[in-house]
Amino acid sequence: MLRSKSLKAGMFSLAAAVALAGCASEPDEGGENTGAETPENNENEQNDGDEAAGGEGGDLVVAVLSDASSLDPHTSSDVPSGNIQTNLYETLVKYDDNMELEPGLAEEWEAVEEDVWHFQLVEGAEFHDGTPFNAEAVKVNIERILDDEIASPRKILFEIVEEVNVVDDYTVEFVTEDPFAPLPAHMAHYAASILSPEVIEEDYANMEDGAQPGDYVNEHPYGTGYFKFESWDTGDEIVLTKNEDYWGENAKVDTVTFSVVPEDLTRIGELETGAAHIIDPVTPSDMGRVENTDGINVYQRNAASITYLGFNVEKEPFDDERVRQAISLALNKENMLDGVLEGTGDAALGPVNNTNFGYSENVDQLEYDPERAQELLAEAGYEDGFETTIWTNDSRERMDVAELAQADLAAIGVDIEIEVVEWGAYLDQTGAGEHDMFILGLSLGTGDADYPMHMLFHSENVGAGGNRSFFADEEFDAMLHEARVEQDEDTRLEMYEEATNYLLDKSPMAFLYHPDHIMGYADSVDGFWADPSGLYQLKDVTIQ
């Protein structure tokens with residue numbers, strides 16, 4: 001149970017990721033969002049949902065930095081939305097606290113051929129609107145994600161699926177374009193959440209009348225989950241209620257309110273006064289206040305996450321890879337870790353850390369080297385530097401990082417103006433390519449480098465799909481495809497080393513650090529944990 005004043009939870013290693021048979025937010029974008037060496041497992045006890053100590057009932061309040069952008073998991077890609085969606089919907093497969101796959105809406109799964117998977121589904125589950133869950137519902141959902149008309153930013157996760165076939169009411173078959181070992185891990189990503197097929201049908205009908213994909217889902221977010229949608233006051237709060245007709249063991253609390261509290265110290269104040277039971281995030285600089293206050297605690301875990309500074313490679317001067325590499329060399333990551341993260345997290349060598357298959361220390365690391373950065377700028381014709389902007393959303397952590405980057409780049413003659421953009425506008429405008437440079441993050445939620453490398457860098461994902469650097473490189477696309485279909489793990493790892501080195505050379509972004517997830521919770525809370533992507537697991541939470 002959650003009782004230590006500062007809990008470092010759920011460490012897992014590269015070996016664990018490899019054990020997933022090569023199995024693998026966008027973005028870890030709301031500012032809620034490890035490292036070079038595999039961390040040790042922490043021995044502090046936590047209740048990961050097996051047995052909650054508090055009584056049932058009550059109204060749980062979670063104070064969060066950012067509101068959701070959408071309740072449709074197929075058309076959204078941000079972690080604030082994912083935290084709501086994971087408590088409304090379910091996936092066929094899910095991860096436990098150690099990033100190991102376990103049954104969800106599927107009881108078991110197997111590759112019956114190299115390119116054919118069968119998933120055996122649970123019986124008796126119903127959606128919140130009373131529609132029965134079955135293989136046809138799974139087929140409708142995956143085909144919706146793959147539908148170009150929907151333009152799902154999550155299509156990249158499932159595009160290798162060529163056919164979805166109903167074998168019988170509770171057996172669904174996936175035929176893939178090539179052998180693809182990470183398919184079960186991709187089905188564990190919350191993007192694969194299963195919606196009521198009736199809702200999907202109505203959403204398509206709504207689109208015929210001129211609405212956008214997901215508009216109907218936002219008003220009728222019906223899944224099979226242990227919580228049901230109650231209300232959404234945009235920018236203020238989202239309220240969920242316990243699903244009394246849940247097919248499995250019911251949630252413990254009666255309601256969950258996700259309260260939007262943008263100010264960091266206000267969130268802590270609400271935790272201290274009891275107005276909130278859980279808060280996310282706690283900035284590293286505020287950890288001491290939480291740890292030294294009776295009745296409240298820090299929840300900290302290593303994160304399957306990357307924070308990066310991206311370039312719009314379609315704009316001058318960032319269309320020159322020498323400029324991009326110069327900026328990467330001029331950024332002092334250690335100052336960011338020490339000055340902003342208070343020593344938490346780890347410097348990034350590339351897009352993934354040791355929570356993901358594909359991580360390796362055997363890559364061409366870009367060490368801090370401002371002198372070489374100035375040489376590269378001169379070679380590119382910018383010996384006198386230039387003026388530009390860095391965008392960030394209203395996360396104190398990212399604003400602080402932007403200020404450190406501003407100082408680092410001033411030392412090589414690059415004059416930076418920082419622009420802080422409201423979250424929804426930030427997603428829209430970076431997706432449209434209106435930025436120069438930007439600070440953002442991605443949840444590495446599948447445990448495999450295939451997902452983040454496709455999401456961030458594949459040419460088919462340019463723009464709002466996740467590739468906000470607008471990096472389109474046919475050679476790199478081919479490298480990703482070859483690594484995706486390779487069946488030998490050692491060879492596949494070498495391919496991702498090569499792909500990482502290619503990215504370091506082209507530098508479509510500067511890989512900054514892998515942060516820890518840091519949250520706060522009250523003594524009255526039992527049974528709470530967050531997965532490596534930072535998604536809240538609330539089914540077994542109780543409040544005393």
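This passage walks through the confidence, the sheets and the aromatic pairs of one protein chain.

The model is predicted, and its average pLDDT is 89 for the protein chain, with 90% of the residues scoring at least 70. Two stretches fall well short of that level. Over residues 1-26 the pLDDT stays under 50, although the model has 130 contacts there beyond four places in sequence. Over residues 28-53 the pLDDT is again under 50, and the contacts beyond four places in sequence come to 100. Where pLDDT is low, the predicted coordinates should not be read in detail. Those contacts, then, are best left as plain counts.

Now for the sheets. One of them is an open sheet of 4 strands, in the order 5-6-8-7, and its pairing is antiparallel. Its edges are formed by strand 5 (106-113) and strand 7 (161-168), each of which pairs on one side only. Going from one strand to the next, the twist averages 20°. Helix 3 (residues 135-146) packs on this sheet and touches strand 6 (116-121), strand 7 and strand 8. The direction of helix 3 makes about 170° with that of strand 7.

At one end of the strand order, strand 5 and strand 6 run antiparallel and are joined by 6 bridges. A hairpin leads from strand 5 to strand 6 through 2 residues. To find this pairing in the structure, look for Glu108, which stands opposite Gln120 in strand 6. At the other end, strand 7 pairs with strand 8 (residues 171-176), also in the antiparallel sense and over 6 bridges. Here a handy marker is Glu163, whose bridge partner in strand 8 is Val175.

There is also an open sheet of 6 strands, with the order 15-19-14-18-16-17 and mixed pairing. Strand 15 (346-347) and strand 17 are the edge strands, each pairing on one side only. Helix 10 (residues 321-330) packs on this sheet, touching strand 14 (305-311), strand 16, strand 18 (437-443) and strand 19 (509-514). Relative to the direction of strand 14, that of helix 10 makes about 135°. Another helix, helix 14 (residues 423-431), lies across strand 16 and strand 18 and runs at about 100° to strand 18.

Within the 6-stranded sheet, strand 16 (residues 386-392) and strand 17 (residues 414-420) pair in the parallel sense over 7 bridges. Ile390 sits opposite Ile418 in strand 17. Helix 13 (residues 396-410) belongs with these two strands: strand 16, helix 13 and strand 17 make a right-handed β-α-β unit.

On to the aromatic rings. A pair of aromatic rings is described by the distance of the centres and the angle of the planes. The count for this model comes to 20 aromatic pairs. One of them is Trp109 with Phe119, a stacked pair with 6.3 Å centre to centre and 20° between the planes. Trp109 lies in strand 5 and Phe119 in strand 6, so this pair ties together parts that are 10 residues apart in sequence. Trp109 is partly exposed, at a relative accessible area of 23%, whereas Phe119 counts as buried at 0% relative accessibility.

Tyr226 and Tyr246 pair in another way: their ring centres are 5.7 Å apart and their planes stand at 85°, so the pair is edge-to-face. Tyr226 lies in the loop between helix 7 (215-219) and strand 9 (227-233), while Tyr246 lies in the loop between strand 10 (237-242) and strand 11 (255-260), so parts that are 20 residues apart in sequence are tied together. Tyr226 is buried, with a relative accessible area of 10%, and Tyr246 is buried as well, at 11%. Elsewhere, ring pairs link Phe457, Phe471, Phe476, Tyr502 and Phe511 into a cluster.

A last residue to look up is Thr255, which lies in strand 11. With a relative accessible area of 17%, Thr255 is buried. Leaving aside residues up to four places away in sequence, Thr255 touches Gly58, Asp59, Leu60, Leu240 and Thr241.

Notes. Residues numbered from 1 in each chain as written. Predicted model: local features only at pLDDT ≥ 70, side-chain atom pairs only at ≥ 80, totals over all residues. Heavy atoms only, no water. pLDDT = per-residue confidence, 0-100. Contact = heavy atoms within 4.5 Å. Pairing = 2+ DSSP bridges. Right-handed = clockwise from strand over helix to strand, strands pointing away. Axes fitted to C-alpha atoms, helices over the stretch in contact; angles between N-to-C directions. Phe/Tyr/Trp six-rings, centres within 6.5 Å; stacked < 30°, edge-to-face > 60°. Buried < 20%, exposed > 50% of the residue type's maximum accessible area, 1.4 Å probe, protein only.
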